[in-house]
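These notebook entries record what I looked up in the structure, element by element. The sheet comes before the helices.

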Amino acid sequence: MDPTCTCYALRKLARSVTRLYDQHLAAAGIKATQFALLRHVEHEALPITHLATLMGMERTTLTRNLRPLADAGWVAQAAGKDARVRVITITAEGRSKIREAKAAWRKAQAELEQALGDEGTKSLHAEIGFAMARVAPLLQQ
């Protein structure tokens, strides 16, 4: 693999960070991707297409990722105003899972921020925002 491949470097970092969060969230019986999905629907029901956009996922990938959450009873799927639109809502069990997992998420967040330092964390967030703004227009909609 070409060591200058940006895609490879970003995916390697993303896998490492995800593993760190997963290590902490395992105590609550949830994965980082699942926690993020629950947090997105925590305050409002969202159509699958909109949720996929927010998560930066393909709709089919999101559907696969939602299945275990629905099986666990943490989210429910219903028809929207237009019967063709599927809307994801959080359940009481899902809200409970978020409350259970928040402390573990905070520990993972603090550990990562400690490793990167305040300036490193701010810089990383700024660079991610910059890159996302520049890459988004390149994606086929």
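In which sense do strand 2 and strand 3 pair, and over how many bridges? I note beforehand that this is a predicted model. I found that strand 2 pairs with strand 3 (residues 86-90) in the antiparallel sense, over five bridges.

**Entry 1: the sheet.** I looked up the strand order next. The sheet is open and has three strands in the order 1-3-2, with antiparallel pairing. Strand 1 (46-47) and strand 2 (75-79) each have a single partner strand and stand at the edges, so one side of each lacks a neighbour in the sheet. For the register, I recorded that valine 75 is opposite isoleucine 90 in strand 3. I then asked which helix packs on the sheet. Helix 2 (residues 32-41) does so, and it touches strand 1, strand 2 and strand 3. The direction of helix 2 makes about 100° with that of strand 3.

**Entry 2: helix 1.** I checked the length of helix 1 (residues 6-25) against expectation. At 1.5 Å a residue, its 20 residues should span 28 Å, and the end C-alpha atoms are 28 Å apart, which agrees. I then listed the buried residues of helix 1, which are Leu20, Tyr21, His24 and Leu25. They lie on the same side of helix 1, because they cover an arc of only 135° around the axis. On the other side of helix 1, I found Arg11, Arg19 and Gln23 exposed. What covers the buried residues of helix 1? The cover includes helix 2 and helix 5 (92-135).

**Entry 3: alanine 101.** I turned to helix 5, where alanine 101 is found. Is alanine 101 buried or exposed? Its relative accessible area is 0%, and therefore I entered alanine 101 as buried. With neighbours within four places in sequence left aside, I listed its contacts as Leu25, Ala28, Ile30 and Phe35. Leu25 is also one of the buried residues of helix 1. I also looked up the separation of alanine 101 from threonine 89: they are 12 residues apart in sequence, and their C-alpha atoms are 18 Å apart in space.

**Entry 4: glutamine 109.** Glutamine 109 also has its place in helix 5. I entered glutamine 109 as buried because its relative accessible area is 17%, and the cut-off for buried is under 20%. Which side chain does the side chain of glutamine 109 join in a polar contact? The partner is the side chain of tyrosine 21, at 2.3 Å. Tyr21 is among the buried residues of helix 1.

Note on methods. Residues are numbered from 1 along each chain as its sequence is written. This is a predicted model: local features need pLDDT of at least 70, side-chain atom pairs count only at pLDDT 80 or more; totals for chains, interfaces and linings use all residues. Side-chain values use heavy atoms; hydrogens and water are left out. Two strands pair if DSSP finds at least two bridges between them. Helices (H or I, at least four residues) and strands (E, at least two) are DSSP runs, numbered from the N terminus. Contact means heavy atoms within 4.5 Å. Axes are lines fitted to C-alpha atoms, for helices over the stretch in contact, and angles run from 0 to 180 degrees between N-to-C directions. The expected span of a helix is 1.5 Å times one less than its number of residues. Buried means under 20% relative accessible area, exposed over 50%, partly exposed in between (1.4 Å probe, protein chains only). The arc is that of the directions from the helix axis to the C-beta atoms. A polar contact is a pair of N or O atoms within 3.5 Å; within protein, one must be able to donate a hydrogen and the other to accept it, and residues adjacent in sequence count only if both atoms are side-chain atoms.
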